[in-house]
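Work through the exercises below with the model open beside you. Each task is followed by a stepwise solution.

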Amino acid sequence: MKNKELAPSGGTGLVPLRADRRPAGLVPFGLGQQKPQHFREMFRIAWENRRHPYYAWKVLSRGVCDGCALGTSGLSDWTIDGTHLCLVRLNLLKLNTMDAFDAALAGDVDGLRRLDSRELRDLGRIPKVLRRRKGEAGFTAIGWEEALSELGARLRGVDPDRLALYLTSRGIGNEVYYAAQKAWRFLGSPHVENAARLCHSPSTTAMKSMLGLSASTCSYKDWYGTDVIVLFGSNVANDQPVSLKYLLEAKKRGTVVISVNTYEEPGLNKYWVPSNLDSAVLGSRIADKHVRVSPGGDLALLLAVQKRLIERGQIDHAFLAERVENFDEWRAHLDGFSFDDLVRQSGASAADVELLLSVLGPAKTGVFVWSMGLTQHAHGTATVQALLGVGLLKNFIGREKCGLMPIRGHSGVQGGAEMGAYATAFPGSKAVTPEEADRLEGLWGFRPPDRVGMDTVAMIEAAARGGLEAFFTIGGNFLETMPQPQRVEEALARVPVRIHQDIVLTKQMLVDPAEVVYVLPARTRYEHRGGITETTTERRVIFSPHVPGHEIPEAKEEWWPVVELARAIAPERAEQLAFTDAAAIRRDIAATIPAYAEIAGLSKQGDQFQWGGPHLAPGGVFPLPGGKARFVKIAPPSFERPEGAFFLGTRRGKQFNSMVQKDVDALTGAARDHVFVAPEDARRLGLRADEPIVLRSAHGEMQGRVFLAEIAPGSLQAHWPEANVLIGDRVVDPGSGVPDYNAWVRIDKVGALAPAPKRGAPDEAA
């Protein structure tokens with residue numbers, strides 16, 4: 001059914017929802033509006049990169065974007081005609097063109113601690129291998145040979161169970177993930193993790209359990225002309241801004257765009273796309289409808305939607321009968337829930353639920369896109385399972401203009417788990433089993449551990465109790481990504497040997513050593529000799545060539561140090577882990593992961609392939625026993641609100657991961673210390689805009705200012721990572737291990753503090 005024919009169902013009398021193609025307004029370039037100043041930003045970024053303008057241009061025109069995971073080759077992609085470039089990528093450009101700082105600066109750690117994270121980055125690139133022993137005031141520059149010799153001798157004979165490795169998603173390519181996890185398993189340790197654990201691990205767990213898949217089932221082009229796109233807990237205007245061009249193209253073809261979120265994100269109402277002439281001048285309306293839910297209420301909403309679709313017969317009966325197991329049992333399970341109770345638990349209005357149903361019901365095609373608004377909860381896996389259930393009922397999988405897409409916010413993270421840099425998966429996203437370990441032994445010449453390793457949260461817990469001898473982190477900054485940063489700092493300070501590999505200094509490198517801390521200088525994605533590959537959200541593996549012209553002499557390709565460390569620890573077996581260059585790693589990947597067989601042939605700009613093809617599960621054939629998908633029994637969580645408390649969620653502003661780039665988010669106008677408060681809650685509490693307040697949880701407190709915003713009443717939002725001091729560190733989603741980045745808090749005016757909610761109750765209730 002075409003969108004122009006979409007109509008309400010069930011006799012609601014609702015006006016059919018159509019794609020709103022009107023401009024955002026009549027004022028040219030949105031003058032006077034709260035919006036990003038794209039062209040002003042571009043001039044600022046050009047000025048920041050003035051020392052190496054030619055190299056900056058080469059990075060943009062030849063490399064694969066190291067920002068979000070939509071994917072490019074130079075300035076083009078495989079979805080849109082014309083230029084593919086956004087401010088996310090441009091704001092990262094400085095990291096790729098800056099020069100190294102004077103190593104003498106690292107000799108004064110107390111001085112470095114007085115700098116915030118942005119000021120540390122602005123010092124420049126890490127120039128040399130740096131070492132700091134216990135009791136020393138700062139770091140001393142040493143050579144690679146000395147560092148590897150010391151580490152090899154120090155860690156030789158250490159129980160592999162006391163070794164942990166973590167990789168971030170910052171510009172890291174598939175070759176790095178693969179070589180690092182192989183090196184760590186070569187040492188006998190299963191404890192290897194990457195940043196996906198902190199964001200989309202619930203998506204992976206949920207999709208594996210119901211579909212046998214763990215990646216987007218569709219391509220970006222499936223957005224074009226689909227009946228409906230629903231964005232769940234995702235703000236693409238902030239995190240994947242170039243995707244707005246895809247949404248605009250979809251809307252030209254009649255696609256309805258709906259946002260389900262706790263906040264009516266301004267960037268999804270109006271946006272000025274600078275590379276689109278009409279949009280750059282008059283702006284565009286992105287979301288045709290916002291459905292506002294309470295934090296964590298998406299699960300109840302999705303169950304309510306499923307219940308009504310089944311009752312109204314607006315499901316694909318033939319597909320369910322032929323390609324999905326246990327539908328009858330699932331329908332009987334849903335019968336045990338009251339529709340009205342589910343709607344009430346969701347926090348959505350009855351009218352909004354009906355409008356959502358009026359679009360989904362008659363829709364023949366649809367794409368669901370979701371992000372951390374769904375996943376970073378104690379029930380994140382169950383919420384994604386509920387979303388997948390709607391997709392199965394409608395058969396939005398395995399065919400054109402249909403799909404289930406966990407959209408990635410960072411360029412390297414999709415490939416991390418697929419390369420095996422994951423405590424719960426071998427390469428190829430294979431389960432960690434003795435049988436798979438046998439297969440890998442036949443390929444690698446050594447047997448990897450056949451047991452699941454520690455996830456990210458467990459690694460920090462092990463460090464806190466003295467259970468780690470060495471912790472190797474490639475990128476990342478746990479002090480700004482994990483709940484309870486003070487406790488994380490105490491945990492890191494207990495690890496005898498810490499190794500931090502990165503391109504710039506971070507706060508976690510400055511934590512005092514229990515014995516010794518090494519800081520290793522890394523090359524950026526574009527400096528990797530032999531090139532490097534990235535896997536995008538749509539499973540496209542793209543080759544990013546070496547871009548010569550900017551070198552930090554002592555910096556190494558990011559796969560090299562961990563491999564050489566493993567060889568130094570076990571020199572008697574070093575020949576089993578010999579990679580001569582990046583091409584050799586790609587050949588090893590191809591031999592180990594059948595879906596990545598084509599990676600061995602990637603060697604120049606523009607080379608790419610999409611593993612699995614445009615659609616996973618084509619024809620409804622799933623990689624599960626019997627080839628069928630299946631429902632999993634789930635139920636909405638029980639929220640027990642402490643008296644006088646608000647449910648706090650964390651949000652992103654103008655930042656890339658934890659790297660804050662601007663103190664004010666141009667899309668919302670909110671500063672980093674602003675706390676989003678619903679106007680009705682502010683009136684009830686007698687709070688005014690910008691009034692200083694204190695938020696207090698069972699775990700900590702933070703000061704901020706009131707920011708009036710259209711969020712769900714009874715909830716608050718504060719920026720991450722600043723609000724991490726309020727978040728408990730003991731509650732995780734049991735299905736995936738992702739921390740619950742939410743907390744019950746109380747608001748107090750400055751100088752009028754009340755008791756905090758009791759410890760434990762807020763998070764356990766969540």
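The exercises cover confidence, pockets, cavities, burial and backbone geometry.

This is a predicted model: local features need pLDDT of at least 70, side-chain atom pairs count only at pLDDT 80 or more, and totals for chains, interfaces and linings use all residues. Residues are numbered from 1 along each chain as its sequence is written, and side-chain values use heavy atoms, with hydrogens and water left out.

**Exercise 1. Confidence**

Find the chain's average pLDDT, then locate the stretches where pLDDT is below 50.

Step 1. pLDDT is the predictor's confidence in each residue, from 0 to 100. The chain averages 92, and 96% of the residues score at least 70.

Step 2. Residues 1-13 fall below 50. Beyond near neighbours in sequence, that stretch has 31 contacts in the model (contact: heavy atoms within 4.5 Å).

Step 3. Residues 758-766 are also below 50, with 23 contacts beyond near neighbours in sequence.

**Exercise 2. The pockets**

Describe the largest pocket and the second largest pocket by volume and lining.

Step 1. Fix the terms. On a 1 Å grid over the protein atoms alone, a pocket is an open set of points with protein on both sides within 12 Å along at least five of seven lines; a cavity is a set where a 1.4 Å probe fits but cannot get out; lining residues have an atom within 4 Å of a point. Grid points are joined across faces, edges and corners, and a volume is the space filled by probe spheres set on the points.

Step 2. The largest pocket holds about 610 Å³. Its lining has 32 residues, with Pro36, His38, Glu41, Leu87 and Lys654 nearest the centre. Helix 1 (38-48), helix 3 (87-97) and helix 9 (236-239) each give two or more residues. Helices (H or I, at least four residues) and strands (E, at least two) are DSSP runs, numbered from the N terminus. Helix 1 has the largest share, 5 residues.

Step 3. Class the lining: 16 nonpolar, 8 polar and 8 charged. Here Ala, Val, Leu, Ile, Met, Phe, Trp, Tyr, Cys and Pro count as nonpolar, Asp, Glu, Lys and Arg as charged, and the others, Gly among them, as polar.

Step 4. The second largest pocket has a volume of about 370 Å³. It is lined by 16 residues; Lys208, Gly428, Ser429, Ala595 and Trp611 are the closest to its centre. The classes are 9 nonpolar, 4 polar and 3 charged.

**Exercise 3. The cavities**

How many cavities of 30 Å³ or more does the structure hold? Describe the lining of the largest cavity and of the second largest cavity.

Step 1. There are 8 cavities of 30 Å³ or more.

Step 2. The largest cavity has about 470 Å³ of space. Of its 28 lining residues, Gly233, Met372, Gly373, Thr650 and Arg651 lie nearest the centre. Strand 20 (646-651) supplies the largest share, 5 residues. The lining divides into 7 nonpolar, 16 polar and 5 charged residues.

Step 3. The second largest cavity has about 390 Å³. Its 28 lining residues include Met372, His410, Arg652, Asn657 and Trp720, which lie nearest its centre. Helix 9 and strand 21 (655-656) each give two or more residues. By class, the lining has 11 nonpolar, 14 polar and 3 charged residues.

**Exercise 4. Burial**

Is Phe646 buried or exposed? Do the same for Glu354, and find its side-chain partner.

Step 1. Buried means under 20% relative accessible area, exposed over 50%, partly exposed in between (1.4 Å probe, protein chains only).

Step 2. Phe646 lies in strand 20. At 4% relative accessible area, Phe646 is buried. Leaving aside neighbours within four places in sequence, its contacts include Asp681, Leu716 and Trp744.

Step 3. Glu354 sits in helix 17 (residues 350-360). Its relative accessible area is 17%, so Glu354 is buried. Helix 17 is largely enclosed by the rest of the structure, because 9 of its 11 residues are buried.

Step 4. The Glu354 side chain makes a polar contact with the Arg312 side chain at 3.0 Å. A polar contact is a pair of N or O atoms within 3.5 Å; within protein, one must be able to donate a hydrogen and the other to accept it, and residues adjacent in sequence count only if both atoms are side-chain atoms.

**Exercise 5. Backbone geometry**

Which residues does a cis peptide bond join? Then check phi of Asn326 and Ser429.

Step 1. The cis bond joins Trp720 and Pro721, with omega about 20°. Pro721 is in the loop between strand 26 (715-719) and strand 27 (742-749).

Step 2. Asn326 has phi near 50°, a positive value in a residue other than glycine. At 29% relative accessibility, Asn326 is partly exposed.

Step 3. Ser429 has phi near 60°, also positive. With 14% relative accessible area, Ser429 is buried.
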